[in-house]
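Here are some short exercises to help you find your way around a new structure. Try each one yourself before you read the solution.

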Amino acid sequence: MKFSGLNILVILLALLTLTSCVSEDEYDNSKTGNFEALWKMMDEHYCFFDYKEKELGVDWDEVHTRYSSMINEKMSNAQLFEVLCNMLSELQDGHVNIGASFDLGRNWSYFQEYPLNYNDSIVNIYLGNDYYIASGLKYVILDDNIVYVRCESFETSIGEGNISNMLSMVALCCGMILDVRSNGGGQLTNAHRLASRFVDEKTLIGYVSHKTGKGHSDFSTPVAEYLEPYNGLRWNKPVVVLTNRSCYSATNDFVKCVKSQRNVTIMGDKTGGGSGMPFNSELPNGWSVRYSAVVFYDRDMNHTEFGIEPDVQLQLSGRDTEVDKDTYIESAREYLKNMTTE
């Protein structure tokens with residue numbers, strides 16, 4: 001998740017605090033030194049320990065005891081990397097990575113252990129060959145006058161002009177299907193820019209809190225986050241947002257922003273989560289480390305680290321895919337048709 005200008009002062013203060021703390025302890029470039037540096041870095045700056053202990057039973061001190069016994073100075077760099085990856089994987093956080101020149105350690109179980117519920121080939125049939133492209137948005141008007149919008153990533157910049165031109169083009173459509181399945185995130189600025197087109201008034205979307213000390217529970221008082229409606233063309237008709245477990249980070253936040261809106265219905269599978277803002281650091285041997293450092297909550301002060309439930313649960317049907325139909329898209333079309341005829 002990459003942060004926007006929202007509450008930027010809070011985040012800058014958080015990062016300054018983190019930067020000053022990381023450099024306080026120095027470890028030598030040995031196998032033990034790198035292990036201790038990583039464990040301590042996470043111990044003092046990772047933001048979800050209380051939550052992960054509650055939900056997963058992760059005891060970080062016990063993790064240290066267990067994994068430190070695997071470290072010795074005769075092990076290879078590849079063996080050390082494997083141990084460090086396994087230790088970080090205990091946290092089940094897609095924002096937690098360790099990177100070396102030969103590999104990227106990660107835990108992607110948040111989506112790999114679940115059905116994909118997305119078939120790119122079938123989605124391309126709905127888009128056809130004459131779809132419109134507005135930067136990171138692809139869209140086409142279906143034969144029932146419903147606009148299908150595919151947002152594959154928030155990494156690609158989506159400008160206000162892109163969104164306004166799209167909404168102008170589809171202004172006569174009776175409903176919208178916004179498909180963010182398998183969107184792994186990107187720039188939070190883009191996610192909020194798109195979300196602002198579905199709100200009519202200043203809307204509380206959640207809270208943000210950052211570490212104020214080295215203890216697992218040392219956090220600042222949560223500060224409210226608001227989403228301002230775009231001062232221009234917005235979408236006030238019914239919209240269905242399609243989600244799956246591969247909706248992560250900024251996409252998870254986008255779903256959080258629009259879920260409470262009266263004209264928005266979330267359909268599909270639970271999102272993948274990823275509600276912590278990642279911060280980057282480095283081990284003595286030069287390996288990069290990324291970890292969640294700032295906590296974002298929803299408007300009810302709930303964590304969304306493990307995902308957001310849809311309003312309507314769906315699973316991709318094998319029978320549908322055999323005839324090149326997408327269960328999600330067809331269900332959304334039927335839902336929107338029923339809404340417009342009521």
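The exercises below look at helix pairs, a covered helix and a few single residues, and the model they use is a predicted one.

**Exercise 1. Work out how helices H4 and H5 are arranged and which residues join them.**

Solution. Let's start with the general idea: two packed helices are described by the angle between their axes and the distance between the axes.

Step 1: find the pair. H4 covers residues 60-68 and H5 covers residues 77-89; their axes are 11 Å apart, at an angle of about 160°.

Step 2: name the arrangement. Angles over 145 degrees count as roughly antiparallel, so H4 is roughly antiparallel to H5.

Step 3: add the handedness. H4 and H5 have a right-handed crossing.

Step 4: look at who touches whom. H4 brings Trp60, Val63 and Tyr67 to the contact, while H5 brings Val83, Asn86 and Met87. Sorted by class, the residues of this H4 and H5 contact are five nonpolar, one polar and no charged.

**Exercise 2. Do the same for helices H2 and H4.**

Solution. Step 1: H2 spans residues 31-45, and its axis comes within 11 Å of that of H4, crossing at roughly 170°.

Step 2: that angle is past the cut-off of 145 degrees, and H2 and H4 are therefore roughly antiparallel to each other.

Step 3: on the H2 side you'll find Phe35, Glu36, Trp39, Met42 and Asp43; they meet Trp60, Asp61, His64, Tyr67 and Ser68 of H4.

Step 4: sort the contact of H2 with H4 by class, and you get five nonpolar, two polar and three charged residues.

**Exercise 3. Is helix H9 mostly covered or mostly open, and what do its buried residues pack against?**

Solution. Step 1: count. H9 runs over residues 188-195, and six of its eight residues are buried, making this helix mostly covered.

Step 2: name them. The buried ones are Leu188, Asn190, Ala191, His192, Leu194 and Ala195.

Step 3: look around. The buried residues of H9 pack against several elements, including strand E4 (137-141), helix H8 (160-169), strand E7 (203-210) and helix H10 (250-258).

Step 4: zoom in on H10. The axes of H9 and H10 lie 9 Å apart, at an angle of about 25°. Angles under 35 degrees count as roughly parallel, so H9 is roughly parallel to H10. The crossing of this pair, H9 and H10, is right-handed.

Step 5: list the meeting residues. Leu188, Ala191, His192, Leu194 and Ala195 of H9 meet Ala250, Asp253, Phe254, Cys257 and Val258 of H10. The contact of H9 with H10 has eight nonpolar residues, one polar and one charged.

**Exercise 4. Describe the surroundings of Asn252 and Thr251.**

Solution. Step 1: place them. Asn252 sits in helix H10, and Thr251 is in helix H10 too.

Step 2: check accessibility. The cut-off for buried is under 20% relative accessible area; Asn252 has 1%, so it is buried, and Thr251, at 0%, counts as buried.

Step 3: list the contacts of Asn252. Setting aside residues up to four places away in sequence, Asn252 touches Cys247, Thr271, Gly273, Gly274, Ser275, Thr304, Gly307 and Ile308. With Thr304 there is a polar contact between the two side chains, at 3.3 Å.

Step 4: list those of Thr251. Beyond its neighbours within four places in sequence, Thr251 is in contact with Phe154, Val180, Asn183, Gly184 and Gly185.

**Exercise 5. Find where Asn117 and Asn145 sit, and say whether each is buried or partly exposed.**

Solution. Step 1: a bit of background. Most residues other than glycine have a negative phi.

Step 2: read the angles. Asn117 has a positive phi, near 55°. Asn145 has a positive phi as well, about 65°, although it is not a glycine.

Step 3: place them. Asn117 lies in the loop between helix H6 (109-112) and helix H7 (120-127); Asn145 lies in the loop between E4 and strand E5 (146-151).

Step 4: compare with the cut-off. Buried means under 20%, so Asn117, at 5%, counts as buried. Asn145, with 32%, is partly exposed.

**Exercise 6. Which residues does Met301 touch, and where is it found?**

Solution. Step 1: Met301 is in the loop between strand E12 (288-297) and strand E13 (312-313).

Step 2: its relative accessible area is 35%, and Met301 is partly exposed.

Step 3: apart from neighbours within four places in sequence, Met301 is in contact with Tyr207 and Pro222.

Conventions:
Residues are numbered from 1 along each chain as its sequence is written. This is a predicted model: local features need pLDDT of at least 70, side-chain atom pairs count only at pLDDT 80 or more; totals for chains, interfaces and linings use all residues. Side-chain values use heavy atoms; hydrogens and water are left out. Axes are lines fitted to C-alpha atoms, for helices over the stretch in contact, and angles run from 0 to 180 degrees between N-to-C directions. Helices (H or I, at least four residues) and strands (E, at least two) are DSSP runs, numbered from the N terminus. Angles under 35 degrees count as roughly parallel, over 145 as roughly antiparallel, 65 to 115 as roughly perpendicular and the rest as oblique. A crossing is left-handed if the near helix is turned anticlockwise from the far one by less than a right angle, and right-handed if clockwise. Contact means heavy atoms within 4.5 Å. Ala, Val, Leu, Ile, Met, Phe, Trp, Tyr, Cys and Pro count as nonpolar, Asp, Glu, Lys and Arg as charged, and the others, Gly among them, as polar. Buried means under 20% relative accessible area, exposed over 50%, partly exposed in between (1.4 Å probe, protein chains only). A polar contact is a pair of N or O atoms within 3.5 Å; within protein, one must be able to donate a hydrogen and the other to accept it, and residues adjacent in sequence count only if both atoms are side-chain atoms.
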